[in-house]
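Q: I'm new to this one. Can you walk me through it?

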There are 2 protein chains.
Amino acid sequence: MDILLLRTFLSVAETESFSASAQEMHCVQSNITSRIRRLEAHLGQPVFERGRGGARITEFGQLLRQHAEDLLPRFDAAERDLLDAAGISAPLRLGAMETTAAARLPSILKALKQLCPTAPISLRTGPTGELLSLLWNRKIDTAFVASPIDENRFHSVPAFREHLVLARSAANNQTGPLLAFRSGCSYRATAESWLRSDGKSDTEIIEMGTFEGILGCVEAGMGFAIAPESAIRTYHGVGSLNLTALPAPYASVETHLTWRIDHKPSHAHQALCHLVGENLAESS
Amino acid sequence: MDILLLRTFLSVAETESFSASAQEMHCVQSNITSRIRRLEAHLGQPVFERGRGGARITEFGQLLRQHAEDLLPRFDAAERDLLDAAGISAPLRLGAMETTAAARLPSILKALKQLCPTAPISLRTGPTGELLSLLWNRKIDTAFVASPIDENRFHSVPAFREHLVLARSAANNQTGPLLAFRSGCSYRATAESWLRSDGKSDTEIIEMGTFEGILGCVEAGMGFAIAPESAIRTYHGVGSLNLTALPAPYASVETHLTWRIDHKPSHAHQALCHLVGENLAESS
DNA sequence: ATCCATATATCAAAAATAGAGATAGAAAAA
DNA sequence: TTTTTCTATCTCTATTTTTGATATATGGAT
């Protein structure tokens, strides 16, 4: 039972498709067929039922899946740990909210690159909910997300304290619809609860994909947005925006650097923790 | 990082020798060299220092060893479980004391073969101490050993109650030296403590390798032996032996079927448990 | 009914990998 | 020194894996 077969099996089990798995595994589809067949030949039982809609896992496959989902992360964790100990930095797969990425990460990542020049760093942006899900599925190693964080599933250290402000067009200072990220964004949740408490629960909400886009629309007077002040300050057109602090319980939001509770941080990860710790200390 | 490399690594780490590992892994020595080099190339660090006396593990190798000793047994256990669930019986590696093997196993194994015709069964005989060590190192799956058993490390079910008897030559009924197995045999330990309690602690002990050999010597009047009555009854020359029961605390010894506490029993293993359970019930 | 889009299976050739066996070289033991 | 006992290296062969092209099956749209 080779580890590549297990990995392929899990990939197919998750995607429920041989062809999708082939893309995920960066190989041609016939390889997936061949690997799954090898696995089935070795175990003497089919693990997928192939049919019209793709591949559905069999009952026996479920048993294999339980074992595979236990074994593979252990294997990967061991390998990461060994490579890290050998000085071969494992890639640090980072996640961050788009606002954090815009306002906070440039300086942090620059410092991190100096501390760990050999560690490849990748960044994936998304709302808090999506990032937590990526963390849980071990697609990323650590992420900057808005608190609070489930302490039973994640470890975290405080990273930044953000001040939420209401951004409106300076020229045309009337409120309109709320321009927000898609669901899962914690700032949007904060904005919505403030609106509710303020008796404005019928405010129209327009979802947009990028922070730049939202601020552009605000600048054009299309509506208002709620975002961390630090992020808005990075916007090139910040001068034509009217910023107002939110009232007390909604104004201040803490961003945490978070990772799975059973994830052993690599050297680069630890360095990042130190960096945000220092950063927080000097800013307070 | 392939699993074969890890297995080879552990084999070398245990034997501290590439050539010995090659024998253990049933391949030529150059393969071991090549696998360890592959492993080292992947991890970027040497895991063994090669030199005069063979291969000594490096500090980095120790870290790898920790991971490997955690991962490999998990892998093997998962594979056994899956094959077992698929109806492909994993080989049942059995251990037993020589006396148990002679007196009890023939009928038990015959019944087991009928219940699990496809399960390959292998048997390794040795004294209790050696069998427990084999169990602990996962070289065998389950073994018949003399109680008591460390319940923190092993599970067990009672299998047989043996009655220890003193065997002497019927013709020349004088005591001489004690003919016993090599150290580690629990019957020998019982015999020695009985001799001590009886004030005969200076009795000469001659070690022999096989049960047949011991009884042959006893029959020839060379000395006496202590063994389970059931085992002695299988000896072809039992008619010319004089058997005497041992006094109370030493007479009765229980044999248990034992396995590692973290070892998930296969179907064949469970069948064996049932068999010895039935056997014990009808004999009592 | 036919065609199309989307699945997995199959096959042959190429590439990569692992294996055996012979031998070299180094270092301890006799 | 000679012998023995290690690991390293090299070549050839066998096996395995990957690729890419193609075949086959199925449900849905026209």
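Q: How much area is buried between chain B and chain A?
A: This is a predicted model, so read everything here as computed. The area buried between chain B and chain A is about 2300 Å². Carbon and sulfur atoms give 73% of that area.

Q: How many residues of each chain are in contact there?
A: On chain B, 23 residues are in contact with chain A. On chain A, the number is 23 as well.

Q: And how many salt bridges across the interface of chain B and chain A?
A: Zero, by the rule used.

Q: How many residue pairs in polar contact, then?
A: Five across the interface of chain B and chain A, with both residues at pLDDT 80 or more.

Q: Which helices of chain B supply the side that touches chain A?
A: Helix H1 (3-15), helix H3 (29-43) and helix H4 (59-85) of chain B each supply at least two residues. H4(B) gives the largest share of that side, with 13 residues.

Q: How do the residues of that side divide into nonpolar, polar and charged?
A: On the side of chain B that touches chain A, 15 are nonpolar. Four are polar and four are charged.

Q: What rotation superposes chain B on chain A?
A: One of 179 degrees, with 0.1 Å of shift along its axis. The RMSD is 0.2 Å. That is the relation of a two-fold axis.

Q: Why do the copies meet through the same surface?
A: Because 100% of the interface residues of chain B are also interface residues in chain A.

Q: Switching to DNA. Which residues are closest to DNA strand D?
A: A:Asn31, A:Arg52, B:Phe18, B:Ser19 and B:Arg50 are the closest, among 16 residues that surround the strand.

Q: What share of the strand's atoms within 4 Å of the protein is sugar and phosphate?
A: Sugar and phosphate account for 67% of those atoms of DNA strand D.

Q: Where do the chain B residues sit relative to phosphate oxygens of DNA strand D?
A: B:Phe18 has a backbone N or O atom 2.5 Å from one. For B:Ser19, an N or O atom in the side chain is 2.3 Å from a phosphate oxygen of the strand. B:Arg50 places a polar side-chain atom 2.7 Å from a phosphate oxygen of the strand.

Q: Which elements give two or more residues to the surface near DNA strand D?
A: Helix H3 (29-43) of chain A does, together with helix H2 (18-24) and H3 of chain B.

Q: And how do the residues of that surface divide?
A: Near DNA strand D, four are nonpolar, seven polar and five charged.

Note on methods:
Residues are numbered from 1 along each chain as its sequence is written. Chains are lettered from A and ligands numbered from 1 in the order in which they are written. This is a predicted model: local features need pLDDT of at least 70, side-chain atom pairs count only at pLDDT 80 or more; totals for chains, interfaces and linings use all residues. Side-chain values use heavy atoms; hydrogens and water are left out. Contact means heavy atoms within 4.5 Å. Buried area is the accessible area (1.4 Å probe) that two parts lose on being put together, summed over both. A salt bridge is a side-chain nitrogen of Lys or Arg within 4 Å of a carboxyl oxygen of Asp or Glu. A polar contact is a pair of N or O atoms within 3.5 Å; within protein, one must be able to donate a hydrogen and the other to accept it, and residues adjacent in sequence count only if both atoms are side-chain atoms. Helices (H or I, at least four residues) and strands (E, at least two) are DSSP runs, numbered from the N terminus. Ala, Val, Leu, Ile, Met, Phe, Trp, Tyr, Cys and Pro count as nonpolar, Asp, Glu, Lys and Arg as charged, and the others, Gly among them, as polar. Copies are superposed by least squares on the C-alpha atoms of residues with pLDDT of at least 70 in both. A residue is near a molecule or strand if one of its heavy atoms lies within 4 Å of it.
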